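Reader: I have a few questions about the words used for this model. Please set each word against its definition.

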Amino acid sequence: KIRQRCANKPPCVFPGTSDPQVKSRTGFPNERSMFSYIIVVCNGDVDLIQKRCSSLTWYEEWFLFFEMTWGRSMLRHEDFE
């Protein structure tokens with residue numbers, strides 16, 4: 001069986017994610033609020049916002065950070081599937 005590396009797969013989340021999904025996964029009411037928070041935390045530094053530490057995109061890394069920090073992961077039935 002040939003396995004595909006995660007880095008070669010398309011992003012799981014990307015800008016334009018629906019507001020209900022942003023709310024359920026990150027706790028922010030919508031994507032605009034999440035971006036506003038990111039901009040404030042990074043003091044408007046675009047390079048810092050887009051800095052990556054893994055094979056994930058910068059948006060996926062922020063999304064994962066919020067999910068893990070605020071315990072929003074694995075709260076819904078579809079997350080377990």
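Reader: Why is Arg 32 called exposed?

Author: Arg 32 has a relative accessible area of 69%. Exposed means over 50%, buried under 20%, and partly exposed in between, with a 1.4 Å probe and protein chains only. The value of 69% is over 50%, so Arg 32 counts as exposed. This is a predicted model, in which local features need pLDDT of at least 70, side-chain atom pairs count only at pLDDT 80 or more, and totals for chains, interfaces and linings use all residues. Residues are numbered from 1 along each chain as its sequence is written, and side-chain values use heavy atoms, with hydrogens and water left out.

Reader: Where in the chain is Arg 32 placed?

Author: Arg 32 lies in helix H2, residues 31-41. Helices are DSSP runs of H or I with at least four residues, strands are runs of E with at least two, and both are numbered from the N terminus. The chain has five helices and zero strands.

Reader: How much of the chain counts as buried?

Author: Of its 81 residues, 23% do.

Reader: What makes the lining of the second largest pocket mostly nonpolar or mostly charged?

Author: Six residues of that lining are nonpolar, two are charged and none is polar. Ala, Val, Leu, Ile, Met, Phe, Trp, Tyr, Cys and Pro count as nonpolar, Asp, Glu, Lys and Arg as charged, and the others, Gly among them, as polar. The lining includes Trp 58 and Lys 51, so Trp 58 falls under nonpolar and Lys 51 under charged. Helix H4 gives the most to this lining, with four residues.

How values were computed:
1 Å grid on protein atoms, 1.4 Å probe; cavity = no way out; pocket = protein on both sides within 12 Å on 5 of 7 lines; lining within 4 Å.
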